[in-house]
Structure formats: structure tokens, C-alpha cells
Amino acid sequence: MKPAILGISGTSMTAQERDLFRDLPPRGVILFARNIKDPSQLSDLIAELKAILSPGAVLMVDQEGGRVARLKPPHWPALQPAGSLRTAEEAFAHGRALGQMVRQAGFNCTAAPVLDIRVPGASDVVGDRAITGDAAAVAHLGGEIARGIMAEDVLPVMKHLPGHGRALVDSHVALPSVAVLTDDDLLPFIANNKLPWAMTAHVVYEQYDPLNPGTLSLIVIQHLIRERIGFKGVLVSDDLAMGALSGTPAERAVRALEAGCDIALYCPGDFEDNRAVLEAL
């Protein structure tokens, strides 16, 4: 399998997508609202993906609860945002409900929990997706969310290493820069460094690498994520289509892997870009 997780264009696979994924099988596929109409349609799409993708491929959804939800009412229940959780019991129950929802929908991986800390005055792209501004509470409750997800045999993906909470700019739109990361920013990730999967942040961390965003920085990935945080699991990039990055999708994917990511994530579902990414890796 090629080290990429890719989006697809619509509610069913096109003939081009089927041929591409047979010829150059990706590590997995991620689905978004554009791909999901109702449980029956989603079940058919998941079955089609399983028939085409390699055994063991990842079927991912970006489902956290709150405002980040691709499985939505009336077909799926709304879950509260992580920022409303207060106790370990609530966090575990939230993770378990999230895991059960995505598993029953046919997925085996969800891009949660968010372990960024909430910082007053920062971009609201994180906001109530973060549990709180207290690092120890984020570490504990975030770990309970992940434990609940795994209890349903679903892979959690903690994000966004090494920390997006202080960013003043939404990395979907432009490239944020953070002057100093504190021990508090790193603590939730260090406390949960045995989790199986994690996602990088498209943020420049000036004290470590003033030239490259974390996703594309050998220094950030090797020194901060692998060594200081101690994360040894599967590291997937955040969506490489985001406005924080420059270059073609294929160039971004190659750079992410060269910097130390294990998997390049490219979400828009554009066929030509998907083909270019798979051919480049």
C-alpha cells in the first residue's frame, strides 16, 4: 500500500477512482460530509471501498463530536464537544459513544481526540474542540476519550502534534507561527505517547524550525515528536490540502514523508491530485 490516506469525490466511487486504487492502492480512505448521505448509501460505499482497497486498509472519518462531525443527525446522534467534558467518566463515555458510532457506520479509525490545550485569544479553529486550558486535565481526559474509542475496536488519532492550541491563525486558511511552545503544550501528548496513531500540525514552531511547518520539519518531527514527546506510533500528516502549505499536492506529500511522517493525508478527493500523490510516493 502507498503511504497515503486519500479522500474521494462523491457518494460512490467513480470508475477512475476504482481503477486508480486497484493499480496504486493507498493506505486508506477518509470520508467527509460530501461522501455521506444516509446509512444505506454509506454502507454501500464502505462495502465498495473494502472490495477495492487492500486488506488492512484504513477507513477513516474526521469525527470528534461537537462541530467536527461528518456523521450527523437525523441519521446519527450529535455528540457534545470535547470542551464540555469535565470528568474521566464523561470522557470515557464520550469516546466509547464516538467509537461505537463510527464502527457501526463502517469505519475503523477516527481523527480524535484533540489534545491541544485551549489558549485564550488564540484562533477559534481549536476552541471547544480542546477539552480545556489545563494541560493535566487535557492529558487525563483526552486519554480517557482515546481509551473509550479503542474499547470499540476503533483506532484513535490524537492531534495536533506538537500543539496547535497557541496558533493565532487557522491553518486551514494560512500558515500559523508560534514563538514558544511550553511544557504544558507538550504534556497531553507526552502523557499519551503510547497511543497508536497521531496527527501533525501545520504550524511553524519558531524556537525549533523557523522555516518549515511542523508537518514538513525534520527537526520538529524527530526532535519534538519522536524524541521529546516520545511518540513511536504511526504519524499521519494533517490534511495536506490546507492553506497553510505551499507546493503541489505531490510535493507536499513527498516532503511530509521525508520529514518523518509515516502517512500523507490528502482529503479533497480530486482525482488528478490523488493520482499525482500516489505516483509520487
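Select Gly 10 first, and you will find that, once residues up to four places away in sequence are set aside, Gly 10 touches Arg 34, Asn 35 and Leu 45, where contact means heavy atoms within 4.5 Å. What you have open is a predicted model, in which local features need pLDDT of at least 70 and side-chain atom pairs count only at pLDDT 80 or more, while totals for chains, interfaces and linings use all residues. Residues are numbered from 1 along each chain as its sequence is written, and side-chain values use heavy atoms, with hydrogens and water left out.

**Around Gly 10**

Gly 10 sits in the loop between E1 and helix H1 (15-23); helices (H or I, at least four residues) and strands (E, at least two) are DSSP runs, numbered from the N terminus. With a relative accessibility of 16%, Gly 10 counts as buried, a word that stands for under 20% relative accessible area, with exposed meaning over 50% and partly exposed in between (1.4 Å probe, protein chains only). If you now add Ala 111 to the selection, the C-alpha atoms of Gly 10 and Ala 111 are 20 Å apart in space, and the two residues are 101 apart in sequence.

**The sheet**

Next, show the strands as ribbons and follow the open sheet of eight strands, whose order is E9-E7-E5-E4-E3-E2-E1-E10, with parallel pairing. Two strands pair if DSSP finds at least two bridges between them. Strands of a sheet pair through backbone hydrogen bonds, either parallel or antiparallel.

Which strands stand at the edges? They are strand E9 (234-236) and strand E10 (264-266), and each has a single partner strand, so one side of each is left without a neighbour in the sheet.

Select strand E1 (residues 2-6), which pairs with E10 in the parallel sense over three bridges, and which also pairs with E2 in the parallel sense over three bridges. Leu 6 is a useful residue to centre on, as Leu 6 stands opposite Tyr 266 in E10 and opposite Val 29 in E2. Strand E2 (residues 26-31) has five of its six residues buried, so this strand is largely enclosed by the rest of the structure.

Moving along the sheet, select strand E4 (residues 109-110), which runs parallel to E5 and is joined to E5 by two bridges; the bridge partner of Thr 110 in E5 is Pro 156. Strand E5 (residues 155-161) is mostly covered, with six of its seven residues buried.

**The nonpolar cores**

Now show side chains for Phe 21, Leu 31, Leu 42, Leu 71 and Phe 107, which touch the most other members among the 73 residues of the largest nonpolar core; such a core is a set of buried Ala, Val, Leu, Ile, Met, Phe, Trp, Tyr and Cys residues joined through side-chain atoms within 4.5 Å. Helix H4 (residues 135-151) gives the most to this core, with six residues. Apart from this core lies another one, of 14 residues, among them Val 58, Trp 197, Val 236 and Leu 265.

**His 94 and the cavity**

Select His 94 in helix H3 (residues 88-105). Is His 94 buried or exposed? At 5% relative accessibility, His 94 counts as buried, and its contacts, not counting residues up to four places away in sequence, are Glu 64, Gly 65, Leu 79, Gln 80, Leu 85 and Ile 145.

His 94 is also one of the residues nearest the centre of the largest cavity, along with Glu 64, Ala 82, Val 114 and Arg 129, out of 14 lining residues. On a 1 Å grid over the protein atoms alone, a cavity is a set of points where a 1.4 Å probe fits but cannot get out, a pocket is an open set with protein on both sides within 12 Å along at least five of seven lines, and lining residues have an atom within 4 Å of a point. The largest cavity has a volume of about 100 Å³, where grid points are joined across faces, edges and corners and a volume is the space filled by probe spheres set on the points.

**The largest pocket**

Finally, turn to the largest pocket, which holds about 320 Å³ of space. Of its 21 lining residues, select Asp 62, Arg 70, Arg 129, His 172 and Asp 238, the closest to its centre.
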